[in-house]
Amino acid sequence: MGEWGIALIAAGAALLGSVVTGWYTRGAGDRQAEAARHAGDRQADALLDTVRATLDEQRAARLLGNRRETYVRFVTAVESVHTAARTGAGSPADGPELRRALAAVSLEGPPEVHRLARALAQSLDDREGLRAYPEREERFLRAAREALAERP
């Protein structure tokens, strides 16, 4: 075999080696691309889960804040009417404000808090109710605190 034969065999071996190496490299590249695609999908899912959790927490905080404001408005209105009943000094707007605040409590709930709020508001209607006022106020406040401690 001459020099040309050896050169052809060497060139053929190099060419065959390149083809085989390229074939395996392409397979490895495909596997890496697929793994990267799956990793990207997992990252996207994790990001969506984080966004959902954040939005749920913000929603819960907003609902809790609204409930707290409603209870504060109700307690303030009750105190105004109670002070007016004891001292005779009040505003004509106190009664309607109490009814609006009670309606807001009925919407915010929970039902037990609304029931106790209604009982507290009714205790302002007469002298017998005024004697029950401190106990009813404490029961309402306890239920309101429990409702505020729960996650909406």
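Is R100 buried, partly exposed or exposed? At 46% relative accessibility, R100 counts as partly exposed. R100 lies in helix α2 of what is a predicted model. The points below cover the long helix α1, the nonpolar core, the salt bridges, a surface patch and the loops.

**Helix α1**

- Helix α1 runs over residues 3-87 and has 85 residues.
- From its first C-alpha to its last, α1 reaches 123 Å, which is close to the 126 Å expected at 1.5 Å a residue.
- The buried residues of α1 are G27, A60, L64, R67, T70, Y71, F74, A77, V78, V81 and H82.
- Helices α2, α3 and α4 are included in what covers these buried residues of α1.
- H82 belongs to helix α1 and is buried, because its relative accessible area of 9% is under the 20% cut-off.
- Leaving out residues up to four places away in sequence, H82 touches L124, L130 and Y133.
- After α1 comes G88, which has a positive phi near 85°.

**Nonpolar core**

- The largest nonpolar core has 23 residues, and those touching the most other members are Y71, F74, V78, L98, V113, L124 and F140.
- At least two residues of this core come from each of the helices α1 (3-87), α2 (94-108), α3 (111-122) and α4 (127-149).
- The biggest contribution to this core is that of α4, with seven residues.
- Y71, F74 and V78 are also among the buried residues of α1.
- V113 is in contact with Y71, V105, F140, A143, A144 and A147, when neighbours within four places in sequence are set aside.
- Y71 and F140 are thus contacts of V113, and these two residues are also named with V113 among the core members that touch the most others.

**Salt bridges**

- The model contains six salt bridges, including the three pairs described here.
- Side chains of opposite charge can pair when their charged atoms come close.
- An α-helix has 3.6 residues a turn, so residues three or four places apart point the same way.
- R37 and E34 form a salt bridge with an N to O distance of 2.5 Å.
- Both R37 and E34 are in helix α1, where they are three residues apart, about one turn of the helix.
- R37 is partly exposed at 49% relative accessibility, and E34 is partly exposed with a relative accessible area of 32%.
- D49 and R52 also form a salt bridge, at 3.2 Å from N to O.
- About one helical turn separates D49 and R52, because they are three residues apart in helix α1.
- D49 has a relative accessible area of 48% and is partly exposed; R52, at 48% relative accessibility, is partly exposed as well.
- In the salt bridge between R100 and E97, the closest N and O atoms are 3.1 Å apart.
- R100 and E97 are three residues apart in helix α2, about one turn of the helix.
- E97 is partly exposed, because its relative accessible area of 25% falls between the 20% and 50% cut-offs.
- R73, E97 and R100 are joined into one network by salt bridges that share partners.

**Surface patch**

- L16, V20, W23 and Y24 make a nonpolar surface patch of about 490 Å².
- W23, one of these residues, lies in helix α1.
- W23 counts as exposed because its relative accessibility of 56% is over the 50% cut-off.

**Loops**

- A93 sits in the loop between α1 and α2 and is partly exposed, with a relative accessible area of 43%.
- C-alpha to C-alpha, A93 and G65 are 25 Å apart in space, and they are 28 residues apart in sequence.
- G109 and P110 are joined by a cis peptide bond, with omega about -5°.
- P110 is in the loop between α2 and α3.

Terms used: Residues numbered from 1 in each chain as written. Predicted model: local features only at pLDDT ≥ 70, side-chain atom pairs only at ≥ 80, totals over all residues. Heavy atoms only, no water. Core = buried A, V, L, I, M, F, W, Y, C linked by side-chain atoms within 4.5 Å. Buried < 20%, exposed > 50% of the residue type's maximum accessible area, 1.4 Å probe, protein only. Helix = DSSP H or I, 4+ residues; strand = E, 2+ residues; numbered from the N terminus. Contact = heavy atoms within 4.5 Å. Expected span 1.5 Å × (residues − 1). Patch = residues over 30% accessible without salt bridge, like charges linked within 9 Å, V, L, I, M, F, W, Y side chains within 5 Å. Areas by Shrake-Rupley, 256 points an atom, 1.4 Å probe, with all protein chains shown as cover. Salt bridge = Lys/Arg side-chain N within 4 Å of Asp/Glu carboxyl O.
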